Amino acid sequence: MQRIAVIGGGAAGSAVVAHCLRDAARGDRHAPRNTLTWIVGDQAPGRGIAYRTVDEQHLLNVRAANMSLFADHATDFLDYASARGIAAADGQFLPRAIYGDYVEATLARLLRDAHGRLALNAHSTEAVALHPLPGGGFDIRMRDGGSIRADGVVLALGALPPAILPGVSAAAASSGAYAGDPWAWPEPARPPAHVLVIGTGLTAVDAILSAAARWPQARLTAVSRRGRLPALHADGPLSPYSGQDELLARLGGSTHLADWLRAVRLATSTPDTDWRAVLDSVRAALPRCWQALDPIQRARFLRHLRPHWEVVRHRMPARTAARLQALHDAGRLRILAARIRAVEGGDAGLRIALRLRGSAQPLAMNADFAIQATGLDSDVRTTAHTLVRQLVQERLVQPDALGLGLAAGADGRLLDADGRPRPGFYAIGALLRGTLWECTAMPEIRGLARSIAADLRAAPAPAPRLVAV
């Protein structure tokens with residue numbers, strides 16, 4: 001019998017659990033029954049941060065046809081929506097809350113299908129410490145004082161808790177006027193007249209739309225270093241890029257960013273080619289390409305190209321862009337390219353010092369409320385996350401050298417501080433960005449979840465321990 005633990009209740013953890021349940025349902029009913037413990041934190045299993053929203057303006061950023069939990073059952077999510085009477089075309093971007101419903105319903109169905117071949121226990125608490133056991137396996141301590149033992153563990157933690165930005169004073173950060181977490185806002189003393197959103201990526205877009213709806217009279221200013229909103233998805237699914245094989249061959253033939261840029265620019269240079277189809281065509285190869293880069297090239301990408309990549313890779317639906325445009329046209333939203341230098345003040349109001357891009361002159365503004373929405377934090381070296389901090393401090397894992405999560409193999413197996421893979425210890429999702437780069441969207445998550453579930457199932461059962469009597 002194998003004892004498996006999945007730590008994290010969001011999409012990545014759900015995908016691993018779903019594949020384990022489906023494998024159990026298809027397996028030999030006479031095989032030893034494995035145990036899966038799912039440590040989900042304080043949210044409903046399957047929801048995580050992304051899908052616990054109830055705001056209908058928060059749309060999926062991947063088309064419905066690509067959001068099944070299973071790559072070999074591509075219509076699963078669409079079938080669920082249809083059964084609920086929700087009209088959903090392949091290329092539609094549905095509200096994220098509906099996807100959270102789908103994940104919960106799918107897990108419930110799979111649990112019934114497993115017919116007791118996999119014992120699933122969900123714990124609404126957090127794992128706070130993990131220690132390898134001398135004979136193999138792990139001891140996991142939980143916030144509520146309990147502990148479990150597992151032969152295999154999967155870290156599916158999602159994004160780490162956001163760290164307050166440099167320059168934000170302690171008084172401002174602790175006031176009721178500053179939201180360091182874009183998904184959990186303090187309640188301001190009064191409705192704000194001016195809201196500052198720090199960031200202009202997909203997380204910031206959600207924050208802008210929610211703030212605009214919550215405070216209909218408020219003006220909003222969104223600030224990022226380049227002042228660029230995400231690019232738009234095409235109106236419908238695109239035809240595959242016809243030159244994909246040649247482009248992949250060019251990318252695979254070099255490990256220099258300059259060569260890659262030339263190859264992509266050449267591919268997008270013809271008038272009848274949609275640049276989005278070109279980028280989508282290389283998506284499956286990105287982890288392999290990223291792993292081929294040496295540390296110097298990776299650091300160069302992060303320094304010079306990452307901001308541009310984030311804009312064109314993580315795109316928003318046209319319906320979302322139309323809502324932002326309506327706010328702009330109504331005079332309620334402005335976007336600034338600037339660097340935040342300082343945020344001072346408290347619940348009576350915030351004073352923000354900025355420097356506009358391309359200008360040496362400082363700029364000052366006042367805001368009644370500020371939302372920090374700068375995207376994923378994956379630097380385990382400085383995180384406040386209790387479990388991750390313990391693992392790093394005790395050298396049970398190795399931080400990525402560039403602050404992109406944890407060092408791991410391409411199969412998700414985590415490396416210890418000496419660079420050795422630790423048997424039975426995996427990560428999935430945002431913590432693998434330094435290894436895979438593309439690892440946070442469902443098409444990538446479900447593939448790795450299937451692989452990890454298969455590895456855990458195939459692992460030899462632990463030998464029985466002799467107990468003296």
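Helix 10 (a DSSP run of H or I with at least four residues, numbered from the N terminus) covers residues 295-313, yet its end C-alpha atoms are only 22 Å apart. A straight helix of 19 residues would span 27 Å, taking the expected span as 1.5 Å times one less than the number of residues. There's a kink of about 70° at leucine 305, shortly before proline 307; the bend is the angle between axes fitted to the seven residues ending at a position and the seven starting there. This is a predicted model, where local features need pLDDT of at least 70 and side-chain atom pairs pLDDT 80 or more, while totals for chains, interfaces and linings use all residues. Residues are numbered from 1 along each chain as its sequence is written, and side-chain values use heavy atoms, leaving out hydrogens and water.

At the start of helix 10, a side-chain oxygen of aspartate 294 comes to within 3.0 Å of the backbone nitrogen of isoleucine 296. Buried residues of this helix (under 20% relative accessible area, 1.4 Å probe, protein chains only) include Phe301, Leu302 and Trp309. Helix 7, helix 8, helix 9 and helix 13 are among the elements that cover the buried residues of helix 10.

Phe301 and Trp309 turn up again in the second largest pocket, where they sit with Leu261, Val264 and Leu279 nearest the centre of a 20-residue lining. Helices 7, 8, 9 and 10 each chip in at least two lining residues. As for the size of this pocket, its volume is about 640 Å³, meaning the space filled by probe spheres set on grid points joined across faces, edges and corners. A pocket is an open set of points on a 1 Å grid over the protein atoms alone, with protein on both sides within 12 Å along at least five of seven lines, and lining residues have an atom within 4 Å of a point.

Terms used:
Buried means under 20% relative accessible area, exposed over 50%, partly exposed in between (1.4 Å probe, protein chains only). Contact means heavy atoms within 4.5 Å. A polar contact is a pair of N or O atoms within 3.5 Å; within protein, one must be able to donate a hydrogen and the other to accept it, and residues adjacent in sequence count only if both atoms are side-chain atoms. On a 1 Å grid over the protein atoms alone, a cavity is a set of points where a 1.4 Å probe fits but cannot get out, and a pocket is an open set with protein on both sides within 12 Å along at least five of seven lines; lining residues have an atom within 4 Å of a point.
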